[in-house]
Amino acid sequence: MRIAIASDHAATDLKAELAEWLIDEGYEVADLGPDGGESVDYPDYGYKLASVVADGTVEYGVALCGSGIGISISVNRHPAVRCALVSEPLSAALAREHNNANCIAMGARLIGIKMAKSCVATFLNTEFADAGDPSGRHQRRVAKLGNPPTSPDHIETHQ
């Protein structure tokens, strides 16, 4: 499995540790940068990560910045990408199981390496609940994420 990982300057150390660990775990890792601690703009790296996930170059992405918030927002600007900001394994599992997330984001200033590894491992080892079921309730909702309605008052109810 091929995983892409990107960060801003605040998360280069966590990115390097996670990339090395993922390689040791047998994953192919595309490190999209940056390489040093020089100040960079997280949207540039978030957009780069979203692009390789959306075009299928990689199966999943890991986005990192100081809080995880900014880079997750930039990754989510791409309609084919669903990036969940996570801080513990349960949210990582639910991101995959219910939302079919193809990226996770974490904050390097808020999470330690041990918890970050646990989140990534859980994310990568959790299946989407509706895999193979195009009419499943989660699949229906996930399909709407990449195709927002043009009318803001469009709300469906289900029983």
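1. In this predicted model, a reader new to the structure may begin with strand 1 and strand 2 (residues 28–31), which run parallel and are joined by four bridges. Within this pairing, Ala-4 stands opposite Ala-30 in strand 2.

2. The connection between these two strands deserves attention as well, since strand 1, helix 1 (residues 12–24) and strand 2 together make a right-handed β-α-β unit.

3. Strand 1 also pairs with strand 3, to which it runs parallel and is joined by five bridges; here Ser-7 is the residue that stands opposite Leu-64 of strand 3. How enclosed is strand 1 by the rest of the structure? Five of the six residues of strand 1 (residues 2–7) are buried, so this strand is largely enclosed.

4. Turning to helix 4, which spans residues 89–99, the buried residues are Ala-92, Ala-93, Ala-95 and Arg-96. These residues lie on the same side of helix 4, because the arc that they cover around the axis is only 155°. Among the elements that cover the buried residues of helix 4 are strand 3 (60–65), strand 4 (83–85) and helix 5 (113–124), and strand 3 is thus a partner of strand 1 as well as part of the cover over helix 4.

5. The two ends of helix 4 can be described separately. At its start, the backbone nitrogen of Leu-90 has a side-chain oxygen of Glu-88 within 2.9 Å, whereas after the helix comes Asn-100, whose phi is positive, near 50°.

Conventions:
Residues numbered from 1 in each chain as written. Predicted model: local features only at pLDDT ≥ 70, side-chain atom pairs only at ≥ 80, totals over all residues. Heavy atoms only, no water. Buried < 20%, exposed > 50% of the residue type's maximum accessible area, 1.4 Å probe, protein only. Arc of directions from axis to C-beta. Contact = heavy atoms within 4.5 Å. Polar contact = N/O pair within 3.5 Å; in protein donor to acceptor, adjacent residues only side chain to side chain. Pairing = 2+ DSSP bridges. Right-handed = clockwise from strand over helix to strand, strands pointing away.
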